[in-house]
Structure formats: structure tokens, C-alpha cells
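Please open the model in your viewer and display side chains as sticks. The tour below moves from one charged pair to the next.

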Amino acid sequence: MQEVQIPDDSDFRSFRDQCLAADGWLSRCTKGAVTVWSHQGEPSSGGVQKLKMRMVCQDVAAATLYDVLHDSSYRHKWDSNMIETFDIGRLTVNADVGYYSWRCPSPLKNRDFVTLRSWLPLGDDYLIINYSVKHPEHPPRKEFVRAVSLLTGYLVQACGATCCTLYYLTQLDPRGSLPKWVMNRVSHFVAPKAMRRIYKACLKYPEWKRRHQPGLKPWLFPEQNQLASLRTEQLQLQRLDSLENIDESGAAEERRAASDDDET
């Protein structure tokens, strides 16, 4: 069995290269400042599709956007799909393990994840990446489908003192035979809306942070991290074939009171 490994500089550079690459990526849609692409996954990953988004953020410093992506206390302000999230333990000064549950479009079952997350500033670039692992104290829950992140993350690139570009890339197996309308809705409506929510949250974050423990940023200051220590030996890779693969391909899309493309 392949061991759990903490990403190194080469892993971060590889992720950045994927975010910036054009070859093999099919343009799905452009909505305002957000562009969405898809890429057929390699056979080694079971052919799981990749989804990539890019958004230029005016009047937002790269460091601010990086803080917003890290600050779990602020996440409820922009992540409308989140049900619950919490940190499980710390591996190194720039790696931890956490839990996240995600609200899926009705009538599908909600999904959850346990992931190893790592982060690294590289010059004017800021990167956060994760992949799924198994933790003995956080097995799959009966009310969720345990999904698998093969690789998910953010790249924030500064393009000025108060401007940056955000890339989001994910290769995610939701562990289910999903109807085609789900991927169409995610790529054309849900994903662009989530990116715009992040942007709006960034504009409000400096003022919010001034009123909520302004000096607390453990992602920048490791000595502030109070999580219990973990060892990679306590974790296992989350293999796709060890999880239930449910069939939801017949689920019909329900009418919604408001469009997924509504601004917030």
C-alpha cells in the first residue's frame, strides 16, 4: 500500500503547472470574471475528470485572498455548500488533516471528506492543496457518502498590490454514478457562483478580521497552532475501491426557488 506523504516543493510546482496549463483543457463556460475548464483524467486516476476555474480579483490583495481560504472561522461567510468543517490534527508547520461535509443538489445524498491539506507561499504565489486520507477516528458516516479528493487546491497569484488571480482545481470522485445534469450544473452554475462568493468575501474580510482575533493566523504563524500532533503513520490513503459506489444516475433535477447563478 502506498504511504501517505506530505507534499513537497515539487508537488506544489506540479499543481501550479496544472493550473496554468492550457493543453488538454476544454473550455466549459465563462461567466463574468470566471472561466471554467474540464480535463479528462488519466487512466491511473480511474479517468476521474478534473475541473479548473480562474477568476481575476480586482481590489483584493493576494495575501488577503490566501487568508480567506485558510480562515475556517470566516468560511461560513462564503461557502454556502458547507455543512460542517473542523481540523483533526497537525502534521507539520504547513500540513494538517481535516474534515469537511458538503451539501449536494437535492435529491442527491450529501458528501463528506477527510483530507490531508498542505500550503506553501512561493514568491508571489500562494498555494493550498489537499487529497483524501483515512483517519481511524473519522470513518465514513451513514448519513453521508464518503467522497475522494484525488487532488484539490487553490493557486493565488499576485498581479499587483491590490489585484490577484485565483485558480481552483479539483479532481474529485463523488463515489456515485451521477446524472449528467449534476456536472452540467456544477460547471455552469455552482462553481462560478462559489468563486464569486469568495471574491465578495475577500472584499469584506479585512474589516471582519479586525473585529475577530486580528492577530490569529496559524497558517502564517505556526506557533499559534494548538492542534494535536499527528503522524503520517496514523493515516492511510483513501482508496476509491474501498468505498461504496452508489447509483444516483436516475435522480431527477428538482426545481429551485432561485437560480444557482443569482448573485449574493
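Buried means under 20% relative accessible area, exposed over 50%, and partly exposed in between. By that scale, Glu 84 is partly exposed, since its relative accessibility is 32%. The model is a predicted one, and a search of the whole structure finds 11 salt bridges.

Keep Glu 84 selected and add Arg 141: their side chains form a salt bridge, with an N to O distance of 3.3 Å. This pair links distant parts of the chain, as Glu 84 lies in strand β4 (residues 82–92) and Arg 141 in the loop between β7 (125–134) and β8 (145–146), 57 residues apart. Arg 141 is partly exposed as well, at a relative accessible area of 27%.

Next, select Lys 50 and Glu 42. A salt bridge joins these two side chains at 3.2 Å, N to O. Is Lys 50 buried or exposed? Lys 50 counts as buried, with 7% relative accessibility, whereas Glu 42 is partly exposed at 34% relative accessible area.

Finally, select Glu 207, Arg 210 and Arg 211, which are linked in a network of salt bridges. Within this group, the side chains of Glu 207 and Arg 211 meet at 3.5 Å, N to O. That distance qualifies because a salt bridge requires a side-chain nitrogen of Lys or Arg within 4 Å of a carboxyl oxygen of Asp or Glu. Colouring by accessibility separates the two partners: Glu 207 is partly exposed at 39% relative accessible area, while Arg 211 counts as exposed at 53%.

Key:
Residues are numbered from 1 along each chain as its sequence is written. This is a predicted model: local features need pLDDT of at least 70, side-chain atom pairs count only at pLDDT 80 or more; totals for chains, interfaces and linings use all residues. Side-chain values use heavy atoms; hydrogens and water are left out. Buried means under 20% relative accessible area, exposed over 50%, partly exposed in between (1.4 Å probe, protein chains only). Helices (H or I, at least four residues) and strands (E, at least two) are DSSP runs, numbered from the N terminus.
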